[in-house]
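Here are a few short exercises to work through with the model open. Try each one before you read its solution.

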Amino acid sequence: MAVQRVPLNVFSMAFGLAGLGGTWVTAGQAGHVPVTVGRALIGLAAVVWLVSVGWYLRYVCGGRGRLRADLEDPVASPFASLALIAPMLMASLGLAPYSPTAGKILVDVFLVLTVLFAGWLTGQWIVGHVELDQMHPGYYLPAVAGGLVACASAARVGQTLLAVVMFGFGVISWFILGSVVTGRLLHRPRLPAPLLPTMAIEVAPPAIASVAFFALDMGRVDFIAASLAGYGLLMVIVQLRLLPLYARLRFTVATWAFTFSWAVVATTTLHWIDAGKPAGHVVYTYLVLGAITVLIGGIAARTVLALARGELLRPPSPASGANSS
């Protein structure tokens, strides 16, 4: 009997829930909702992360060479970074407010692991001769998302200089990878269906950079924040054109690629609403918070249903590639 493969993007579930928790924490810190709701969501994300780690370790320990094959896979390997990135978010938002020392230690531990893994994986891509058609927006995760989440997390636990270093780590990686990934999307054949949800990740870099910069700059809106917002607006509009493609996709664990990407856009939007306080800003806050909660809550509910039916980890069609789910 064939062993059911557990794909590396299973860690996107905890990442997405942590992102939703971060959105609620942001709204709570602005005084619009109880901040405890956001921290409860962070706690749920931590539970899902622990289950996902156990689930994946059980899979890789059940067969020789499975972990190595995943980490050397040019399509699947970027998603492994989420196992290291999500705990930084959870530690800085959920643990540090109650235990600053423990939160700082966990942020530092996973920050170091994230940096080491991003460096190793970048080297692996170089020596592994990645084909351009194998690239996808998930390539932003190890160094771009990793660096920028590390920046925001370090800033929240009071390590400002380290946060600045990680801001450079993430932003410069974004500039370099962005040109390559965008070139692949523009000039090569369309991504296979199992990878189409990763195109939602295109909205994430400017949004994560914005959240990181707000964490560094105490929430001020200045030239840099406005510049990031401009590019972020373009990427959000691009996603509207992609809706017909998304509407034809079947539900898989890859659908979770939409969650953190849009959660961090929602968080950035809440920062802007709170900074400008336009007329009706409280209503706008609730609309944004409600929309992202419905989106991620719906995906979570569909995940539970798919899990109960044994459909969550159905392999993709052979034409899509075994490791692209």
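**Exercise 1.** Find which residues Leu-148 is in contact with, then place Leu-148 in its core.

*Solution.* Skip neighbours within four places in sequence, and Leu-148 is in contact (heavy atoms within 4.5 Å) with Met-166, Phe-167, Gly-170, Val-171, Pro-205, Ile-208, Ala-209 and Ala-212. Keep in mind that this is a predicted model: local features need pLDDT of at least 70, side-chain atom pairs count only at pLDDT 80 or more, and totals for chains, interfaces and linings use all residues. Residues are numbered from 1 along each chain as its sequence is written, and side-chain values use heavy atoms, with hydrogens and water left out.

Next, the core. A nonpolar core is a set of buried Ala, Val, Leu, Ile, Met, Phe, Trp, Tyr and Cys residues joined through side-chain atoms within 4.5 Å; buried means under 20% relative accessible area, exposed over 50%, partly exposed in between (1.4 Å probe, protein chains only). The largest one has 101 residues, and Leu-148 is among those with the most contacts inside it, alongside Phe-15, Val-149 and Ile-208. Helix 6 (residues 141–156) gives this core its largest share, 10 residues. Helices here are DSSP runs of H or I, at least four residues, numbered from the N terminus.

**Exercise 2.** Work out how exposed Ala-229 is and what Ala-229 touches.

*Solution.* Start with the place: Ala-229 sits in helix 9 (residues 223–247). Its relative accessible area is 26%, so Ala-229 is partly exposed. Not counting residues up to four places away in sequence, Ala-229 touches Ser-210 and Trp-272. Finally, the C-alpha atoms of Ala-229 and Pro-206 are 6.9 Å apart, with the two positions 23 residues apart along the chain.

Methods
Helix = DSSP H or I, 4+ residues; strand = E, 2+ residues; numbered from the N terminus.
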